[in-house]
Amino acid sequence: MMTELASFDIFMRTAFGVEPAARAGLQLKAMAEAKCLGPHEEAPLGKRESNVLYIGSGATKLAARASDNREQIVAFHFGGDIFSVPADDLHSYSVSSLEPTSLLVFPARPFFDCASSDPRISRALLERQRTALHRCRDKAVALGQKNALERLAGFLFAMADRIGTGSGVRRILDLPMSRRDIGDSLGLTIETVSRQLGALRKAGLIETHGRSRIVVRDLNDIAHLSGHCGKSERTEPIEADFDLDQCERLPVGVARPQTGGQS
C-alpha cells in the first residue's frame, strides 16, 4: 500500500498535472483522508454528505441500494479513477473493495470549490465527468435494449479498454470482480454470465484461465457482438446460449438458438 503522502502526491501529479505544493494542492491535501481497505471491505464513508474518491491502487465497486435491500452495482473503479459517491437520498450508496485497495476521500463540496479555482484541475475533472457520462449512457442502452450476450460482450470490451493488457486486437483481462458481481452490474444472473462466457469460449472468441483471467482473442469481434454502431462486422454466426433474462433481439451475426432454457 502507498503511504498517505505518496498517494496524494501521485494523485495531484497524475490526475491534474499540478504539483502538491501548489496552492490548490495544499488546500486539497488538508481535506484528504487516506484509507486502506482489505479485500471485500466497505469504505467507511459518511452517508449525509457526498464524497469524492481517488483510487490510488486496487479496485472497487460502487453499489446503490433500494428498498427491500435490493442492490445494483453502478460502476467498477480502478487505480487512477476519480469518482463521486452521492449522499444517501433516493438510494443508499456504498463503495467496497474487490482487492486490497488504497484510496483518498474528499468531502465533495469543498473539493469542487477548491478545484474551480485552478483551471488545470477544472479541465481534468470536466474531461473525467464527460467519460463517466458516456459510460453511464452506454450502460443505460445495454440494460434497456441489449440481450445477455451483447451486455457481456460490451462489458469485456469496456474492461479491455480500462484494465486490459496486450497489444493489437488481443487483450488479457485479469478481472478483480466475481462473476456474480458482473451479473449484478449487467442485470443478469450468475448462471447466465457463465453460460454466455461458455458460448464465447466455444466460438473461439475468448479463452478463460481460472476464475478471473479472460483472454480476448480479437477485440474487433467482441466490439461487434456488443451491439455498438459502426464497429467491425462479423459474418460467422455463433451459437449463443438462450436465457429468459435475454431480450428477444439477438445481435447481428449471432445464430438464433434452437433450444430454450432459463436461469
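This is a short group-meeting talk on the predicted model of one protein.

Okay, ground rules before the tour. We're looking at a predicted model, in which local features need pLDDT of at least 70, side-chain atom pairs count only at pLDDT 80 or more, and totals for chains, interfaces and linings use all residues. Residues are numbered from 1 along each chain as its sequence is written, and side-chain values use heavy atoms, with hydrogens and water left out.

How confident is the predictor? pLDDT is its confidence in each residue, from 0 to 100. The mean pLDDT here is 88, and 85% of the residues reach 70 or more. The stretch to watch is residues 247-263, where pLDDT is below 50; beyond near neighbours in sequence, that stretch has 46 contacts in the model. By contact I mean heavy atoms within 4.5 Å.

Now the overall picture. The protein has eight helices and twelve strands. Those are DSSP runs, numbered from the N terminus: helices are H or I with at least four residues, strands are E with at least two. Of the 263 residues, 44% count as buried. For burial, under 20% relative accessible area is buried, over 50% is exposed, and in between is partly exposed, using a 1.4 Å probe and protein chains only. And if you take contacts between residues at least 6 apart in sequence, 67% of them join residues at least 24 apart.

Let's go to helix α3, residues 108-115. Which residues of α3 are buried? Ala 108, Phe 111, Cys 114 and Ala 115 are. They sit on the same side of α3, because they cover an arc of only 135 degrees around the axis; the arc is taken from the directions from the helix axis to the C-beta atoms. Arg 109 and Asp 113, on the other side of α3, are exposed. The textbook reminder: an α-helix has 3.6 residues a turn, so residues three or four places apart point the same way.

So what does α3 pack against? One partner is α2, residues 23-31: the two axes come within 10 Å and cross at roughly 175 degrees. That makes α2 roughly antiparallel to α3. For the geometry, axes are lines fitted to C-alpha atoms, for helices over the stretch in contact, and angles run from 0 to 180 degrees between N-to-C directions. Under 35 degrees is roughly parallel, over 145 roughly antiparallel, 65 to 115 roughly perpendicular, and the rest oblique. On the α2 side, Ala 24, Gln 27, Leu 28 and Met 31 meet Pro 110, Phe 111 and Cys 114 of α3.

Gly 25 is in α2 as well, and it's buried, at 0% relative accessible area. Its C-alpha is 9.1 Å from that of Cys 114, though the two are 89 residues apart along the chain. Not counting residues up to four places away in sequence, Gly 25 touches Phe 8, Met 12, Glu 19 and Pro 20.

Another partner is α4, residues 119-145. The α3 and α4 axes come within 8 Å and cross at roughly 120 degrees, so these two helices are oblique to each other. Here Phe 111, Phe 112 and Ala 115 of α3 meet Ile 121, Ser 122 and Leu 125 of α4. Notice Phe 111 turning up again: it also meets α2. Down at residue 145 of α4, Gln 145 is partly exposed, at 46%.

Over to the strands. Ser 97 is in β6, residues 92-97. Is Ser 97 buried or exposed? At 1% relative accessibility, Ser 97 counts as buried. A polar atom of its side chain lies 2.4 Å from the backbone oxygen of Gly 38. Leaving aside neighbours within four places, the contacts of Ser 97 include Leu 37, His 40 and Thr 60.

That brings us to His 40, in the loop between β1 (33-37) and β2 (51-57). His 40 counts as exposed, at 63%, and has a positive phi of about 60 degrees although it is not a glycine. Asp 68 is another such case, with phi near 60 degrees. Asp 68 lies in the loop between β3 (59-65) and β4 (71-78), and is exposed at 70%. For context, most residues other than glycine have a negative phi.

Last stop, Val 216 in strand β10, residues 213-216. Val 216 counts as buried, at 0% relative accessibility. Among the residues it touches, beyond four places in sequence, are Val 169, Leu 173, Leu 205 and Ile 222.

How values were computed:
pLDDT = per-residue confidence, 0-100. Polar contact = N/O pair within 3.5 Å; in protein donor to acceptor, adjacent residues only side chain to side chain.
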